[in-house]
Amino acid sequence: MADSPSKSHLTWSSVDIWGALILLLAQLTAADQLYATGWTNHLEMVITLAFWGTLAGLLLGYSAFGAGIVFVFALLFGLFGIHWQLGLTLLGDHAWLDRMYSVYDDLATVVNELIAQEPVTKSMLFLALMAALFWALSVHAGYVLARSRQPWTATLPTFLTMLVILINGRYVNLSSWFLAFYIFFMLLLAARSFYHSHYQRWKSTVTYLPELLGYDLTRAALVVALVLVVVSWNAPALAESLPPAARIWEKASQPLESVRAQLENFFSPLQNTVLVVYGYYDESLSLGTGQPLSMDPKMTINVPPPPTSGMRYYWRARSYDTFNGLNWSSGSSDSTFVSPQAWPLEFSNNQQGWEAVIQVTSHEKASTLYIPGQPQWVSQGVRMELITYPDDSVDYYAMHAEPQLDEEESYVVRTELNDVTIAELRAAGDQYPAWVRERYLQLPTSMTARTQALAEEIARGAETPYDIAANLTQYLRDNIQYNERMPELPVDQDIVDWFLFDWQQGFCNYYATAEVILLRAAGVPARWAVGYAQGERVTGQGAGLTYLVRERDGHSWPEVYFPNIGWVEFEPTVSQEAIERPLGIVEPDEFDLEPNINPDRDLPIMDDELELFPPTSDIPVPTPVLPQTEPSNTGSLPGSGWQIPWLWVFLPAIGLLLLGLWRQARRSGLPPAPVLVESGLRRLSLPVPRLLQRWSYWAALPRPERDFQVVNRALRSLGHPAEPTETPAERVGRLSAILPEAGHLAQVLLGEYQTSVYSDQEADWVVSSPAARRLRRMVRQAWWQHWLRRLHLQSSNRKD
Amino acid sequence: MTMEQVQSIAEQIIANIEKVIIGKREAVELTVVGLLTQGHLLIEDVPGVGKTMLARTLARSLGCSFNRLQFTPDMLPSDVTGVSIFNQISREFEFRPGPIMAQIVLADEINRATPKTQSALLEAMQERTITVDGQTHNLPQPFMVLATQNPIEYEGTFPLPEAQLDRFLLRVRLGYLRREDEIAVLTSQQSTHPLETLASVISQAQVVQAQALVSQVYVAEGIKRYIVDLARQTRDHPDVYLGVSTRGSLALFHASQARAAVHGRSFVIPDDVKALARAVLAHRLILGPAARLQDISQEKVIDELVAGLPVPGGEWQLEAGG
């Protein structure tokens with residue numbers, strides 16, 4: 001039959017429903033993996049297409065059409081489906097023709113941008129390609145499985161695609177679990193197809209088949225596949241926990257790692273061809289529409305405790321000065337290599353405050369250095385993106401380590417941090433140097449009048465630039481809702497205007513950008529800084545503090561320039577706590593006017609945060625921790641990539657152990673668990689819940705007796721419940737009278753039940769269970785028919 | 001011998017009897033159950049419905065000897081058991097066996113005999129021996145008494161005392177035939193009586209073997225409880241003056257075993273008990289005067305009790321309190 005399947009006549013027995021179902025689940029898993037990458041909005045359409053694609057593939061595979069016709073059909077369906085899904089991505093009420101026009105317009109834009117080698121601004125092409133890809137993969141999988149019954153050929157292309165997604169994706173952990181599930185389904189499908197095709201052959205050669213062979217085989221395949229996947233997925237983590245195994249694993253995994261590295265290189269050109277621009281700290285950065293950020297650790301930072309309790313660290317990667325209404329950029333800049341010996345540099349911005357020595361350990365290969373404040377010295381050779389002003393002073397945007405940092409490599413930075421008080425900030429005045437005025441008051445041409453009006457309104461009454469900044473920060477914190485995801489950005493509206501007045505939701509990029517623009521509109525120089533927020537405080541080393549910074553701590557914030565003080569961070573994003581600065585020495589009357597101090601509105605400092613900062617006088621200044629003298633202790637941290645949290649190893653292992661114990665216990669004649677629990681409760685003279693009573697009663701029944709309950713349930717569901725005084729035979733007789741076609745099955749069940757209950761022999765559940773299953777199905781059908789007939793009668797009565 | 005063989009023997013006997021006794025499957029089956037349990041049958045019905053024919057057919061089917069005892073008020077115990085006669089030639093007393101010395105005995109209209117004669121028969125039934133002039137004689141094997149009683153004519157009768165009724169394993173009522181069955185009887189007896197051509201289907205040895213095997217039929221604890229509960233409930237029933245004795249429970253127990261064997265089962269199911277309860281228990285009840293005035297029959301009481309007693313293995317939902 002498998003040799004000439006296309007010619008075979010289609011019968012129900014040749015259709016493998018379970019196989020089809022498994023394939024459907026597998027394809028949905030693959031689509032979910034793509035969706036979970038969060039590469040762009042509307043990726044959920046891929047799931048829909050994978051579903052319909054698999055179904056279409058299966059149906060076409062089982063059809064009698066030739067390959068050519070099938071291809072044409074698949075193409076037509078696919079074109080329809082993809083257009084339909086792409087059209088749905090546009091919000092609002094539009095005619096379908098308009099939607100199509102808009103889709104093609106977007107596609108043309110993307111193609112033009114690609115040709116001109118400009119950053120791609122729309123995700124439409126990517127979406128279209130992904131939709132087509134998943135449609136093709138799903139149709140292929142369904143078709144191949146149905147027609148030629150080759151599970152591996154059916155699933156391999158999707159598997160390879162998932163591999164590519166895994167390597168390109170940002171959330172390797174999550175992605176790899178999707179892949180694990182897919183492999184699980186592949187194994188299951190292979191086992192299922194093997195059984196199904198052989199079953200047909202066995203049947204045709206009249207080979208004896210035990211009644212429950214299919215059930216047993218499927219169950220065995222399920223267990224084997226599960227164990228295989230869990231073990232292989234946890235192998236790296238397992239191996240690392242045992243020192244001898246770790247060495248073996250290291251050796252064994254070396255070739256694998258190199259293959260991975262090769263693959264990564266191989267696929268790297270793919271990364272920026274179709275994706276929306278996401279060069280995170282590039283010279284130019286768009287605000288983006290938000291992505292889910294993982295718990296992957298990025299770096300661990302050792303710092304001295306700050307001198308004042310309100311201070312918070314901001315790990316800045318880069319600052320931007322120019323906003324064109326869509327993207328931030330850092331103007332024209334040079335890049336210079338600076339060796340550790342070349343410090344100190346003459347910065348135009350001479351930060352004042354206190355000097356801190358921080359040590360940063362990167363948990364992944366990286367080049368960008370994260371530095372709070374104004375750096376004075378870096379232990380690493382760096383390539384600095386800087387700008388030289390007419391007076392020969394320099395300012396920098398970002399620093400990149402040269403050579404690149406390796407995983408777990410550390411660098412030390414001596415930096416000048418500000419610990420200014422509010423009084424000092426208010427006293428700073430507004431005598432900005434020329435270079436500041438030139439670069440940090442620039443506004444986008446698209447800025448609207450109402451944005452300007454808002455800035456002026458908030459600034460009205462504020463006496464100093466600091467007050468303006470504080471008022472603006474508070475305004476944003478009060479009026480804008482935090483939302484990690486943004487819809488498709490408007491094309492015909494200024495983004496800041498849309499954000500402030502229409503959408504009024506967003507994440508840090510929008511908060512910070514809006515604040516910078518409003519500040520500049522009010523005449524206060526500000527810049528946009530990106531990097532990471534402080535992160536989670538983990539156990540400190542010695543006197544210092546240690547922060548673990550994860551991917552999800554990614555952040556951006558506005559920095560305001562104060563003459564003779566330098567850049568000072570503000571925090572408009574509600575998801576972060578407000579910055580509490582010390583008041584300093586202020587005149588009493590000034591204090592009354594202080595707009596920022598509002599104990600009702602400002603978020604209070606958390607108790608545990610207060611503990612973080614001992615009184616200033618007690619703080620011993622930590623000595624610089626140099627990487628070569630202090631070995632990194634971050635090895636125990638879960639690394640990025642292929643390591644799996646321990647929980648994932650333990651849970652399946654404990655589950656398997658319990659399962660084994662339970663089976664062993666059952667074999668050794670122990671009563672079932674609910675019975676044990678019930679008898680335990682009774683012994684303690686505690687009340688036994690009725691549900692538990694029922695369950696233990698049920699669990700204690702031998703299987704044929706459980707199977708016979710189908711007859712009782714059938715009688716009840718058909719409206720003639722069994723009486724306790726009725727013998728089983730009488731019940732079966734009654735059921736046979738109600739449902740004559742079930743008579744034979746009920747007799748089989750009766751025989752086994754009577755043997756089990758009344759005789760000294762054991763009944764055979766291998767006989768009773770299939771009969772029970774079949775009877776259950778039959779009764780269900782009868783039940784539906786019964787109700788449909790009743791409904792029909794009722795409706796016809798009503799008509800009469 | 002296996003249960004299947006017992007079943008086939010029973011079926012052969014039943015089929016053979018049904019050649020003569022048409023349309024009385026239930027009564028015939030009860031007769032076979034009585035035979036296999038080594039019990040005795042009380043057939044209670046009006047004359048002419050086939051009581052005697054049933055006994056004769058059974059005897060013929062088994063190839064057993066058959067005697068008929070027509071009870072009359074002037075009948076003496078020796079007319080049942082037999083007498084010792086002085087043989088003048090051999091100058092010895094010689095035992096002349098009475099009609100009881102047969103394997104199947106039909107005691108017709110047992111209630112017409114005096115209690116003295118009745119008790120002689122009943123003793124023979126119970127002991128399976130007779131004692132005449134100090135000499136004990138064993139009755140043949142298999143031995144079965146089918147006694148008949150006319151429920152209509154009570155004039156000049158000596159109703160069996162309850163203690164003696166208890167010795168009958170089963171009470172069977174034949175009743176009138178259905179119309180088609182009666183027509184079939186007419187047809188079958190047009191020229192000859194089918195009994196004349198009836199052959200025996202099994203040997204007496206096989207009957208004895210089957211009787212031995214019946215006692216091996218398994219009775220689950222639940223079924224035993226069910227039987228005892230049923231018997232106990234007759235004792236507490238408000239309409240009943242005297243309930244079923246332990247002999248009654250035992251009778252139901254053994255009869256159920258036989259019925260299971262007749263159906264080819266090596267274990268008793270509640271259906272066996274239910275099917276036999278009327279025949280085994282009803283005649284053992286003495287109803288109270290009030291019930292008699294209300295015309296409540298013994299069968300009705302048993303039916304009521306059976307209908308109200310939950311069967312073992314019939315529970316399928318947890319009752320309150322576990």
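Contact here means heavy atoms within 4.5 Å. The model is predicted. With that in hand, start in chain B.

Leave aside the neighbours of Leu58(B) within four places in sequence. Leu58(B) is then in contact with Ile13(B), Ile17(B), Thr31(B), Leu35(B), Ile104(B), Met144(B) and Leu146(B). Leu58(B) belongs to the largest nonpolar core, which has 79 residues. Within this core, six residues touch the most other members. They are Ile13(B), Leu58(B), Leu62(B), Leu146(B), Leu170(B) and Leu230(B). Another core lies apart from this one and has 60 residues. Among them are Leu86(A), Phe184(A), Ala221(A) and Val229(A).

Now turn to a sheet in chain A. Six strands form an open sheet in the order β9-β12-β7-β2-β17-β16, and their pairing is antiparallel. Its edges are β9 (374–378) and β16 (536–538) of chain A, each of which pairs on one side only. On average, neighbouring strands of the sheet are turned by 30 degrees against each other, direction ignored.

Follow the sheet inward from the β16 edge. β16(A) is joined by three bridges to β17 (residues 545–550) of chain A, and the two strands run antiparallel. Here Arg537(A) stands opposite Tyr547(A) of β17(A). Next comes the pairing of β17(A) with β2 (residues 297–303) of chain A, again in the antiparallel sense. This pairing spans six bridges. One pair of partners is Thr300(A) and Leu548(A), the latter in β17(A).

How many of the residues of β17(A) are buried? Six of its six residues are, and the strand is mostly covered. Both faces of β17(A) are covered. On one side sit Leu545(A), Tyr547(A) and Val549(A), all buried. On the other side, Thr546(A), Leu548(A) and Arg550(A) are buried too. Tyr547(A), the residue opposite Arg537(A), and Leu548(A), the bridge partner of Thr300(A), thus appear on opposite faces of the strand.

A helix gives another view of burial. In α20 (residues 690–700) of chain A, the buried residues include Leu692(A), Gln693(A), Ser696(A) and Ala699(A). They lie on the same side of α20(A), because they cover an arc of only 135 degrees around the axis. An α-helix has 3.6 residues a turn, so residues three or four places apart point the same way. What covers the buried residues of α20(A)? The cover includes α19 (673–683) and α21 (703–717) of chain A.

Key
Residues numbered from 1 in each chain as written. Chains lettered and ligands numbered in written order. Predicted model: local features only at pLDDT ≥ 70, side-chain atom pairs only at ≥ 80, totals over all residues. Heavy atoms only, no water. Pairing = 2+ DSSP bridges. Helix = DSSP H or I, 4+ residues; strand = E, 2+ residues; numbered from the N terminus. Axes fitted to C-alpha atoms, helices over the stretch in contact; angles between N-to-C directions. Buried < 20%, exposed > 50% of the residue type's maximum accessible area, 1.4 Å probe, protein only. Core = buried A, V, L, I, M, F, W, Y, C linked by side-chain atoms within 4.5 Å. Arc of directions from axis to C-beta.
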